[in-house]
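Here's a quick walk through a two-chain model, written with a modeller's eye for cut-offs. Have the viewer open as you read.

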Number of protein chains: 2
Amino acid sequence: MRKVPYRIYLSEEQIPKQWYNIKADMKAQHEPLLNPGTGKPLEEKDLYPIFCETLAHQEMNAADRYMDIPEEIQEYYKIYRPSPLIRAYNLEKALDTPARIYYKFEGNNTSGSHKLNSAVAQAYYAKEQGLTALTTETGAGQWGTALSMACAYFGLDLTVYMVKTSFNQKPYRKSVMQTFGANIIPSPSDTTEAGRAILEKFPETGGSLGCAISEAVETAVKTQGCRYVLGSVLDQVLLHQSVIGLESKTAMEMIDEYPDIVIGCAGGGSNLGGLMSAFMQDKLTGKANPYFIAVEPASCPTLTRGRYAYDFCDTGRITPLAKMYTLGCEFQPSPNHAGGLRYHGMSPTLSKLYHDGYLDEARAVEQTRVFEAAALFARQESILPAPESAHAIRAAVDEALKCKEAGQAKTILFGLTGTGYFDMTAYASFHDGVMNDSIPTDADLEKGFASLPKVPGQEE
Amino acid sequence: MRKVPYRIYLSEEQIPKQWYNIKADMKAQHEPLLNPGTGKPLEEKDLYPIFCETLAHQEMNAADRYMDIPEEIQEYYKIYRPSPLIRAYNLEKALDTPARIYYKFEGNNTSGSHKLNSAVAQAYYAKEQGLTALTTETGAGQWGTALSMACAYFGLDLTVYMVKTSFNQKPYRKSVMQTFGANIIPSPSDTTEAGRAILEKFPETGGSLGCAISEAVETAVKTQGCRYVLGSVLDQVLLHQSVIGLESKTAMEMIDEYPDIVIGCAGGGSNLGGLMSAFMQDKLTGKANPYFIAVEPASCPTLTRGRYAYDFCDTGRITPLAKMYTLGCEFQPSPNHAGGLRYHGMSPTLSKLYHDGYLDEARAVEQTRVFEAAALFARQESILPAPESAHAIRAAVDEALKCKEAGQAKTILFGLTGTGYFDMTAYASFHDGVMNDSIPTDADLEKGFASLPKVPGQEE
C-alpha cells in the first residue's frame with residue numbers, strides 16, 4: 001500500500017487565514033525604496049499616488065510577522081484553493097531516481113497560475129478604498145488574466161498593458177481577459193509618454209515587463225480614482241503569495257515530509273518568494289536548513305549575471321528606485337517564450353536573501369533544455385506546464401538525476417506555478433526545432449548596465 | 001459557519017475501483033448493433049476488427065453490474081482524480097436563488113475534460129492486447145487531447161482525425177496533441193476513401209464528427225496492429241465514464257445531499273451517461289427519483305428534433321448500425337462552436353433511457369444564450385467553461401431561476417465537463433456580437449432524415 005497519495009489536498013479549514021511576512025524574520029532588511037528625484041528614502045504615504053493605502057502599508061511593513069487575510073479574500077481563496085501538493089511518482093519512475101519529488105501545483109484555476117493569490121488581494125483593497133479602476137502590465141498574460149478575474153469579481157475597471165511579444169504570441173490570452181471585462185493594450189503603445197519614448201528609441205522592440213510597467217504607472221497616476229497594481233517584485237506580493245508556502249508546509253507535515261531542496265522559477269520573484277516563505281522562516285530562525293534554488297532563463301539572467309544595485313523598476317524611469325539584482329532598466333531581453341520571466345530586476349527581498357546567502361543558489365537554464373523538461377514532465381505527469389514553471393521542472397529533474405548518481409533519497413519540492421495552454425506557439429517552435437536559447441553576450445549586458453541610474457553609494 | 005465547503009474532494013482511496021454498468025439495471029436493453037450489409041445483429045467477435053477485444057466485450061456486456069478497473073488504470077486515475085464536486089455559492093448569490101447548485105468539475109486535467117476517463121481505459125486495453133497504434137476522431141479536440149495523453153503514457157502511436165471546423169478554430173489544440181506525440185489530420189481529408197467521397201459531395205464542408213469517424217475507422221481497419229477508439233456514444237465509454245457519477249454520489253453523501261435535478265450536456269452522451277450513472281441506478285431500482293435533463297445545442301437537436309431509428313454512426317456509412325436518436329448520418333450541422341456536441345446521433349443507451357422515460361427531459365438551447373451563461377459563470381465561479389459544458393450551465397441557471405420564482409430550494413447537480421482555454425475564438429465571436437444560433441430549418445432536418453438507411457422494421 002502506498003503511504004503518500006499522488007495528490008495531497010488540505011481541507012478548506014486548513015487554507016491559511018493569515019499571510020506570513022518574511023521580513024519580520026530577516027535579520028537585515030533590504031535597502032529602502034528611493035525617490036528617483038531626490039535620492040531620499042520613500043515613506044509609506046509617498047506611495048499613495050501609485051498604490052492604494054493598505055497595500056502601501058503592507059509594502060513597508062517589516063514589523064508584523066503575520067497579517068490577517070480579510071474575510072472577503074478568504075472567501076475568494078476558497079473558490080480555487082487549496083491547491084494540491086502532488087507527488088511526482090511517474091516522473092520519479094521515468095528518471096529512475098531515489099529522490100522523492102513533490103510539486104505544489106498552482107495552475108488549477110482559470111488564470112492558470114499562482115498570480116490569482118495576489119490579484120484577489122490587490123483588487124479587494126482597491127475596492128475597499130473606494131477606487132474604481134486599476135492598471136497593470138502583464139508578460140505571459142497570467143497576471144493580467146488573474147487581475148481581470150479579480151476585477152470582474154469586485155466590479156473594478158481594468159486596463160492591462162501586455163508585453164507586445166506575448167500579445168502577438170498569445171492572441172487567446174487577450175480574449176480570456178476580455179471575457180472578464182478587461183481592456184488590453186499591447187506595450188509599448190502610443191497611449192503613454194513612456195510608450196512613445198521607447199518606441200522612438202527601439203521601434204522594433206517586442207516590449208518588456210519594465211516598459212509595460214512604465215505605461216501602466218503613467219496611466220494610473222493620470223487617471224481619477226485609479227491606481228497601479230503589480231503582480232510580482234513587491235514585498236506586498238510576496239506577502240500574499242506566502243499562502244503557497246504555508247499550504248505546502250502544512251501538506252508536507254501531513255505526510256511526514258520536509259524538503260531538502262526547494263526550487264522555484266524566478267522572474268520578479270513572486271512564486272519563489274511565496275513557495276519558500278514558510279521554509280525560509282525555518283532557515284532564518286534556525287529550525288531547519290533547506291537548500292533554496294532560484295531558476296531563471298539564460299536569456300534574462302538577473303541573479304546569475306546581474307548587478308546588486310539601485311535601479312528603476314521600469315524602463316521608462318518613472319518608478320521609485322529599488323535595490324535589487326538587475327540587468328539595468330533598459331536591458332532588452334530577447335523574445336524568450338517564458339514571457340513571465342523576462343524582467344530586468346528581481347524582488348528586493350529575494351535579492352537581499354540571495355545577497356546574504358539565505359537563498360542558496362541561482363541557476364540560469366537554456367530555453368531548449370527547459371522545454372525538454374516540460375515535454376518529459378507533460379508526458380509523465382499529464383499536466384502541460386507553463387514555460388515559466390518548466391524552468392523549475394528543469395532544475396528539479398537535474399537535482400533528481402544528481403540524487404540518482406549519488407544514490408541519495410533527497411526530498412525535492414518545486415513550484416509548478418501554472419499551465420501552458422496559452423503557450424502553444426512556444427511549444428510548437430520547440431517541436432519544430434526552431435527554438436533558440438537567446439543567451440545575451442557580455443556586451444549586451446554591459447549595454448544594460450550602462451542604463452543603471454547614478455545613485456550616491458551605488459556599488460559598481 | 002458554512003456547513004458545505006466550496007470544493008469537496010474525495011480521498012485517493014475513495015476513487016472508484018469498479019465501473020458501474022448501467023445496462024445491468026435497465027429493464028429493457030437498447031436494440032442490438034446491426035451489420036449494415038446483412039441487417040443481422042452483431043456478435044462480440046464481429047467487433048474485433050474495429051475494437052480491441054476487451055472493449056468489444058465491454059460493449060456487449062449487459063450482465064455484469066460492476067467491472068473491476070485494472071490496477072494500471074487506477075494508477076493513472078490517481079494522477080488527476082478525484083475531481084472536485086463544487087458548490088456554486090457565488091453563482092447562487094448572483095442569481096439570488098434558494099436552489100443549491102453543485103457541479104462536478106472534470107476539467108482540471110491537461111486534456112481539459114472528462115474524456116480522459118475513457119481514453120486511459122481504451123489505450124490501456126489496446127496496449128494489453130499487444131496493439132501498437134490507434135486511430136480516432138475529435139471534434140472540439142478534448143477527446144483527441146485526452147487520447148494523446150493516454151497513448152503517450154502507454155507508448156502507442158496515434159492518428160487523430162480532427163473535424164476541420166475545430167481544426168481551424170483551435171490551432172493550439174493541435175500543438176497540445178503534438179506535444180503528446182499524436183499525428184493530427186483535418187477531416188474530411190484526402191487520406192481516406194470516405195474523406196475523398198465526402199469532399200466530392202460537400203467540397204466546402206467544415207466536417208463533422210460522423211465524417212471524422214468514417215476516416216478513422218477506415219484507417220484503423222487498413223493498418224496492421226491498429227484499432228479504432230471512440231470517445232463517446234458507445235456503451236464501453238459510458239461504462240468508463242461512470243466514475244464521474246460514482247464519485248459525485250459519494251461526495252454528495254458526505255455532505256448529506258442528493259440531487260433533485262441532474263443536468264448534463266449531451267453530444268454523443270459520454271458525459272451525461274457518466275454523470276447520471278449512479279443516480280440513474282437509484283431511479284431504475286426505485287430507490288430515488290432524480291429528474292434528468294440532457295442539454296443539446298439548438299443547432300444539432302438530436303434528442304429534441306431527431307428520430308429514434310437505426311442509423312450509421314458515421315457519415316461514410318461504414319460503421320455498424322445503431323438504434324438511437326439521430327438527425328440522419330448525412331446531417332451537416334452548421335459550424336456551431338461547441339464542436340463536441342456536433343454529432344448526428346446519440347448514445348444508444350441514453351437514447352433508450354430517453355425513449356423509455358427514465359431520462360426525463362431533453363432541452364435544446366441556443367448558442368448565444370449558452371455563452372451568456374458561460375460568461376456569467378466565469379465571472380462568478382472563476383472557471384472558464386468549455387462551450388459544451390456551458391450548455392449544462394445554461395440549463396442549471398434556468399432551473400435555479402425557476403426555483404427562485406417558485407421559492408423552492410431544490411438541489412441541482414450539473415456536469416462541468418471541461419475548460420474553454422482552446423475555445424477563445426468562440427468567446428471572441430460572442431464578445432464581438434457576431435455569433436449566431438444556426439438553428440436548422442425543418443427542411444434541413446428532412447434532408448438529414450432522408451439519409452437514414454433502410455432497415456427492416458425501421459420506424460418512420
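What follows covers the ground rules, the core, the interface and two buried residues.

## Ground rules

This is a predicted model, so local features need pLDDT of at least 70 and side-chain atom pairs count only at pLDDT 80 or more, while totals for chains, interfaces and linings use all residues. Residues are numbered from 1 along each chain as its sequence is written, chains are lettered from A and ligands numbered from 1 in the order in which they are written, and side-chain values use heavy atoms, with hydrogens and water left out.

## The core

The largest nonpolar core holds 234 residues. Here a core is a set of buried Ala, Val, Leu, Ile, Met, Phe, Trp, Tyr and Cys residues joined through side-chain atoms within 4.5 Å; buried means under 20% relative accessible area, exposed over 50%, and partly exposed in between, with a 1.4 Å probe and protein chains only. Ile263 and Phe414 of both chains, A and B, have the most contacts inside this core.

Skipping residues up to four places away in sequence, Ile263(B) touches a list of residues including Leu272(B), Ile293(B), Val295(B), Glu399(B) and Phe414(B). Contact means heavy atoms within 4.5 Å.

## Where the chains meet

How much area is buried between chain A and chain B? About 4,200 Å², with carbon and sulfur atoms giving 55%; that's the accessible area (1.4 Å probe) the two parts lose on being put together, summed over both. On the chain A side, Tyr172(A), Thr179(A) and Tyr421(A) lose the most, together 18% of what that side buries. In residue terms, 42 from chain A are in contact with 42 from chain B.

The rule finds zero salt bridges across this interface, taking one as a side-chain nitrogen of Lys or Arg within 4 Å of a carboxyl oxygen of Asp or Glu. On chain A's side, α7(A) supplies the largest share, six residues; helices are DSSP runs (H or I, at least four residues), strands likewise (E, at least two), numbered from the N terminus.

## Two buried spots in chain B

Gly139(B) sits in the loop between β6 (133-138) and α5 (142-154), and counts as buried because its relative accessibility is 6%. Leaving out residues up to four places away in sequence, Gly139(B) touches Met162(B), Val163(B), Ser166(B), Leu209(B) and Gly339(B).

Gln74(B), in helix α2 (residues 71-80), is at 14% relative accessibility and so also counts as buried. With the same sequence exclusion of up to four places, Gln74(B) touches Lys17(B) and Ile69(B).
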